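These are notes for a colleague looking over the model. The points begin with one helix pair and then move outward along the chain.

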Amino acid sequence: MSTENGPRAADRGVALTFDDGPSSYTNQVLDILKRERIRATFFVVGENIDERRADLRREIGEGNLVGNHTFTHIDTAGGGSEVAKQLTETSALIKRETDFTPCLFRPPGGTKTPQSTALINRRGLKSIGWDVDTQDYTQPGSDSIVQTVLRDARPGSIVLMHDGGGPREQTVAALPRTSHCRAAPEGVPLRHPRQAARRWRTLCVDLRLRLRDKA
Ligand SMILES: [Zn+2]
């Protein structure tokens, strides 16, 4: 799918994103990110938070971004009151645990529709897609995950991976090799630069100010 709202163009780094956590794999992912000095964005599922509060706090505490991925991984395409409730509930949970109000959203399954976009925007969230799909959830082998990133990542790319939702040993095994490789075919730094996180944060502040001005 296309990436309409990512750091593309203005930011030339590669952004790593992890969906469907926090889970028992999240700490391993965070260990690698910390060791490699990479920041990433975690799109968390609200119902996972209660059991994994420390992991969520660690994500934020170590300089990563956290985004909303609904409460039960519900399909948001049709909009409606249940989707609205889940968006609000998940953002509130993240805020309660970390004091961080998420400004990014990733639709489960990646489908964007006018109905869902209206709900998302009204909550001050910005929908973030991806352009590099590692398909790590299909367990294609860690070599395949690494190769997909090295082959497809371009300046400004957003890479989709998962730290929850199923067995993620392959993702964990692939991650150090992905991040060690400093140069993709076009010499892209395969590190999620601090600037990318900062830019997304700035983008969200801008969005909130704009929404506030409108109100
Ligand atoms: Zn998901």
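1. In this predicted model, the contact between α3 and α4 is made by V83, A84 and L87 on the α3 side and by S116, L119 and I120 on the α4 side. Sorted by class, that contact holds five nonpolar residues, one polar residue and no charged ones.

2. Two packed helices are described by the angle between their axes and the distance between the axes. For α3 and α4, the axes come within 10 Å and cross at roughly 30°. The handedness of the α3 and α4 crossing is right-handed.

3. Does the span of α3 agree with its residue count, or disagree? Helix α3 covers residues 81-98, which is 18 residues, and at 1.5 Å a residue it should span 26 Å. Its end C-alpha atoms lie 26 Å apart, so the two values agree.

4. Which residues of α3 are buried? They are V83, Q86, L87, T90, S91, L93 and I94. Viewed down the helix axis, these buried residues fall within an arc of 155°, so they line one face of α3. An α-helix has 3.6 residues a turn, so residues three or four places apart point the same way. The face of α3 turned away from the buried side carries the exposed residues S81, K95 and R96.

5. The partners of the buried α3 residues are not confined to α4: these residues pack against β2 (40-44), β3 (65-68) and α4 (114-122). Just after α3, D99 has a positive phi of about 65°.

6. On the other side of α3 in sequence, the loop between β3 and α3 contains G78. Is G78 buried or exposed? G78 counts as exposed, because 12 C-beta neighbours lie inside 10 Å and the cut-off for exposed is 12 or fewer. The C-alpha atom of G78 is 9.2 Å from that of K112, although the two residues are 34 positions apart along the chain.

7. Helix α2 (residues 53-61) has D55, L56 and E59 as its buried residues. Their arc around the axis is only 100°, which puts them on the same side of α2. The buried residues of α2 pack against α1 (26-36), β2, β3 and α3. Thus β2 and β3 appear among the partners of the buried residues of α2 and also among those of α3. After α2 comes G63, with a positive phi near 90°.

8. In α1 the buried residues are T26, V29, L30 and L33. They cover an arc of only 95° around the axis, so they sit on the same side of α1. R37 follows α1 and has a positive phi, near 55°.

9. Most residues other than glycine have a negative phi, and most peptide bonds are trans. Where in the chain is there a cis peptide bond? The bond from G21 to P22 is cis, with omega near -5°. P22 lies in the loop between β1 (15-19) and α1.

10. The loop between β6 (132-133) and α5 (142-152) deserves a look at its backbone angles. Q135, found in this loop, is not a glycine but has a positive phi of about 55°. Q139 is found in the loop between β6 and α5 as well, and its phi is near 50°, again a positive value in a residue other than glycine. How exposed are these two? Q135 is partly exposed, with 13 other C-beta atoms within 10 Å. Q139 is also partly exposed, with 15 other C-beta atoms within 10 Å.

11. For the chain as a whole, the secondary structure comes to seven helices and seven strands. From the N terminus on, the order of elements is β-α-β-α-β-α-β-α-β-β-α-β-α-α. Of the 215 residues, 45% count as buried. Among contacts in the chain with a separation of 6 or more, 76% are between residues 24 or more positions apart.

How values were computed
Residues are numbered from 1 along each chain as its sequence is written. This is a predicted model: local features need pLDDT of at least 70, side-chain atom pairs count only at pLDDT 80 or more; totals for chains, interfaces and linings use all residues. Helices (H or I, at least four residues) and strands (E, at least two) are DSSP runs, numbered from the N terminus. The expected span of a helix is 1.5 Å times one less than its number of residues. A residue is buried if 20 or more other C-beta atoms lie within 10 Å of its own, exposed if 12 or fewer, and partly exposed in between; C-beta atoms are placed from the backbone. The arc is that of the directions from the helix axis to the C-beta atoms. Two residues are in contact if their C-beta atoms, placed from the backbone, lie within 7 Å. Axes are lines fitted to C-alpha atoms, for helices over the stretch in contact, and angles run from 0 to 180 degrees between N-to-C directions. A crossing is left-handed if the near helix is turned anticlockwise from the far one by less than a right angle, and right-handed if clockwise. Ala, Val, Leu, Ile, Met, Phe, Trp, Tyr, Cys and Pro count as nonpolar, Asp, Glu, Lys and Arg as charged, and the others, Gly among them, as polar.
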